[in-house]
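Here is a short tour of one structure, written for someone who likes to check contacts for themselves. Open the viewer and follow along.

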Amino acid sequence: ALCRCSRGGKTRALTEMGLKLKRENPNMAVLFVSFNDWTDMLDDEKHDLVGALCRRIAFIASGHKHTDFRPFRKMIVTEDDIDKWLGDTPCVLLIDELNTGMHECSDGEMKKLARYLKSRFLQENRYFVFSSHIMLTTSTLQTYMDSSSNRSVELMSLPLSPSVEAARYGL
């Protein structure tokens with residue numbers, strides 16, 4: 001989990017992590033999805049969090065990066081579709097702003113999402129990293145999403161850049 005306040009570099013850290021993973025593992029599916037910005041979650045999606053996540057995975061996997069997400073909002077993409085598409089391909093799912101809008105979702109939807117990630121998505125050679133602006137000192141998954149799992153979450157502090165120029169140019 002990458003946790004920091006708003007505008008703290010979480011999205012940038014996930015993006016850089018994804019680029020490095022893809023460079024070092026060209027056969028790995030590195031999927032960066034977001035519940036923020038141009039793929040923000042609409043109210044009607046809050047009744048089907050798993051579907052909302054699957055739509056975003058399909059959107060990114062289809063090569064429509066940074067284009068119009070609106071046509072995908074009404075598509076039906078299931079857990080089976082994602083499983084079939086991924087097969088046994090090694091995969092890292094990077095979820096930006098996992099908590100965005102989640103506080104307005106029902107407990108049942110949060111449990112379904114946690115169950116999908118834990119029981120279906122996270123198979124052998126599949127991983128996920130997420131960012132959150134929820135700043136907590138506990139290190140279990142159930143703190144971040146409604147899950148009965150006591151699975152640990154590794155909290156990583158993001159590096160501080162001395163200036164915008166240093167961050168931009170890697171100084």
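Which residues are linked in a network of salt bridges? The network joins Glu 79, Asp 80, Asp 83, Arg 120 and Arg 126. Please keep in mind that this is a predicted model. The structure holds 11 salt bridges, and a few of them are described below, followed by the helices and one loop residue.

**Salt bridges between separate elements**

- Start with Arg 120 and Asp 83, whose side chains meet in a salt bridge at 2.5 Å, N to O.
- Arg 120 belongs to helix H4 and Asp 83 to helix H3 (residues 79-86), so this pair ties together parts that lie 37 residues apart in sequence.
- Arg 120 has a relative accessible area of 25%, so it is partly exposed.
- Its partner Asp 83, at 18%, counts as buried because the cut-off for that class is under 20%.
- Another pair to look up is Arg 55 with Glu 45, a salt bridge in which the closest N and O atoms are 3.3 Å apart.
- Here Arg 55 sits in helix H2 (residues 49-61), while Glu 45 is in the loop between strand E2 (29-34) and H2; the two are 10 residues apart, and the pair links distant parts of the chain.
- Both partners are buried: Arg 55 has a relative accessible area of 7%, and Glu 45 comes out at 2% relative accessibility.

**A salt bridge inside one helix**

- Glu 109 pairs with Lys 112 in a salt bridge, with 3.1 Å between the closest N and O atoms.
- Both residues lie in helix H4, three residues apart, which is about one turn of the helix.
- As general background, an α-helix has 3.6 residues a turn, so residues three or four places apart point the same way.
- The two ends of this pair fall in separate accessibility classes: Glu 109 is buried, with a relative accessible area of 7%, whereas Lys 112 counts as partly exposed at 42%.

**Helix H1 and its two sides**

- Helix H1 (residues 10-24) has 15 residues and reaches 21 Å from its first C-alpha to its last, close to the 21 Å expected at 1.5 Å a residue.
- Lys 10, Leu 14 and Gly 18 are buried in H1.
- These residues cover an arc of only 75° around the axis, which puts them on the same side of H1.
- Turn to the face pointing away from the buried side of H1, and you will find the exposed residues Arg 23 and Glu 24.

**How H2 and H3 pack**

- Two packed helices are described by the angle between their axes and the distance between the axes.
- For H2 and H3, the axes come within 9 Å and cross at roughly 35°.
- The crossing of H2 and H3 is left-handed.
- On the H2 side, the contacts involve Val 50, Cys 54, Ile 57, Ala 58 and Ala 61; these meet Glu 79, Ile 82 and Trp 85 of H3.
- Glu 79 thus appears twice in this briefing, in the contacts with H2 and in the salt-bridge network.

**A loop residue with positive phi**

- Asn 125 is a residue other than glycine with a positive phi, near 65°.
- Its place is the loop between helix H4 (107-121) and strand E4 (126-132).
- Asn 125 counts as partly exposed, at 35% relative accessibility.

Terms used:
Residues are numbered from 1 along each chain as its sequence is written. This is a predicted model: local features need pLDDT of at least 70, side-chain atom pairs count only at pLDDT 80 or more; totals for chains, interfaces and linings use all residues. Side-chain values use heavy atoms; hydrogens and water are left out. Helices (H or I, at least four residues) and strands (E, at least two) are DSSP runs, numbered from the N terminus. Buried means under 20% relative accessible area, exposed over 50%, partly exposed in between (1.4 Å probe, protein chains only). A salt bridge is a side-chain nitrogen of Lys or Arg within 4 Å of a carboxyl oxygen of Asp or Glu. The expected span of a helix is 1.5 Å times one less than its number of residues. The arc is that of the directions from the helix axis to the C-beta atoms. Axes are lines fitted to C-alpha atoms, for helices over the stretch in contact, and angles run from 0 to 180 degrees between N-to-C directions. A crossing is left-handed if the near helix is turned anticlockwise from the far one by less than a right angle, and right-handed if clockwise. Contact means heavy atoms within 4.5 Å.
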